[in-house]
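Here's a quick briefing to read alongside the structure. Take a look at the picture first, then work through the points below.

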Amino acid sequence: MKPDFFILAPALLLAASCSSEPEVPPQGTVQQLMAQDVQPTAEVYWNSVGAASELVDGEPVFREWQPETDAEWAEVRTATQHLQELGELLQTPAYADGRGDNWMAYARGLVDAAKAAEQTVEDRDTDAILNDTGYTLYRVCDACHRAYPPEELAAEGATVDDVSTAQ
Ligand code: HEC
């Protein structure tokens, strides 16, 4: 029996490690990564430029904002760079395994959109941040979420073409 045991044990271990749930990567599950890193980082960009009416002492006041100081611009730029890293991270096996080619394309789409976003920060192009480039970034997120819905939501319509940001 002993020899059998010694031969079998490693095989069983291997089988066990293959069939068990994939290990949670250091940065967390996709859901944790999204909620704790991707979303807040994208919001730094999206919220950096905006306009809103608010009541101040009962009077409606129209307020517009954008980064003013070099430090504020740098913070937004760092966010766009971090989004590129997150797009790269989503392409690593810990997140991409078993998801197919489309996943890689969506994750690359995030890198591309975040690069374009970084350029708008370099150019201090507040209009692009508020409109085109900000919206393109949003569409990349949205396209992947349609293709890989959190739960049972059926994938509807979105294709990889939707996230193409090639210029
Ligand atoms: C490559 C695909 C992909 C891209 C690109 C992507 N996501 Fe996600 N995201 C997912 C998946 C898959 C889930 C569902 C995770 C789950 O519930 O298991 C998700 C879930 C989320 C959630 C919900 C987290 C929660 O607490 O349930 C938020 C918020 C989110 N993503 C934000 C974003 C934002 C913002 C972007 C773009 C800047 C983005 N995502 C881009 C794949 C992606």
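**An open strand and its partner**

Let's start with strand 1, residues 50-56: of its 7 residues, the number buried is 0, so this strand lies largely in the open. Keep in mind that this is a predicted model. From that strand we'll move to the whole chain, then to the ligand, and finish with one buried residue.

**The strand pair**

- Strand 1 is joined to strand 2 (residues 59-65) by 7 bridges, and the two run antiparallel.
- If you want one pairing to look for, try Ala52, whose bridge partner in strand 2 is Arg63.
- Strand 1 and strand 2 form a hairpin with 2 residues between the strands.
- Check out Asp57 in that hairpin, as it takes a positive phi near 55°.

**The chain as a whole**

- Zooming out, you'll find 7 helices and 2 strands in the chain.
- Reading from the N terminus, the order of elements is α-α-β-β-α-α-α-α-α.
- The chain has 167 residues, and 21% of them are buried.
- Now take the contacts between residues at least 6 apart in sequence: 58% of them join residues at least 24 apart.

**Around the ligand**

- How many residues surround the ligand? There are 19, and the closest are Met34, Ala35, Cys141, Cys144 and Pro150.
- Three elements each give two or more residues to this shell, namely helix 2 (30-46), helix 5 (101-122) and helix 7 (132-147).
- Helix 2 supplies the largest share of the shell, with 7 residues.
- Sort the shell by type and you get 16 nonpolar residues, 3 polar ones and no charged ones.

**A closer look at Val121**

- You'll find Val121 in helix 5, one of the helices that give residues to the ligand shell.
- Is Val121 buried or exposed? Val121 counts as buried because 24 C-beta neighbours sit inside 10 Å, and the cut-off for buried is 20 or more.
- Trp73 is 48 residues away from Val121 along the chain, yet the C-alpha atoms of the two are separated by 6.9 Å.
- Setting aside neighbours within four places in sequence, Val121 is in contact with Trp73, Val76, Arg77 and Thr80.

Technical notes
Residues numbered from 1 in each chain as written. Predicted model: local features only at pLDDT ≥ 70, side-chain atom pairs only at ≥ 80, totals over all residues. Helix = DSSP H or I, 4+ residues; strand = E, 2+ residues; numbered from the N terminus. Buried ≥ 20, exposed ≤ 12 C-beta atoms within 10 Å, placed from the backbone. Contact = placed C-beta atoms within 7 Å. Pairing = 2+ DSSP bridges. Near = placed C-beta within 6 Å. Nonpolar A, V, L, I, M, F, W, Y, C, P; charged D, E, K, R; others polar.
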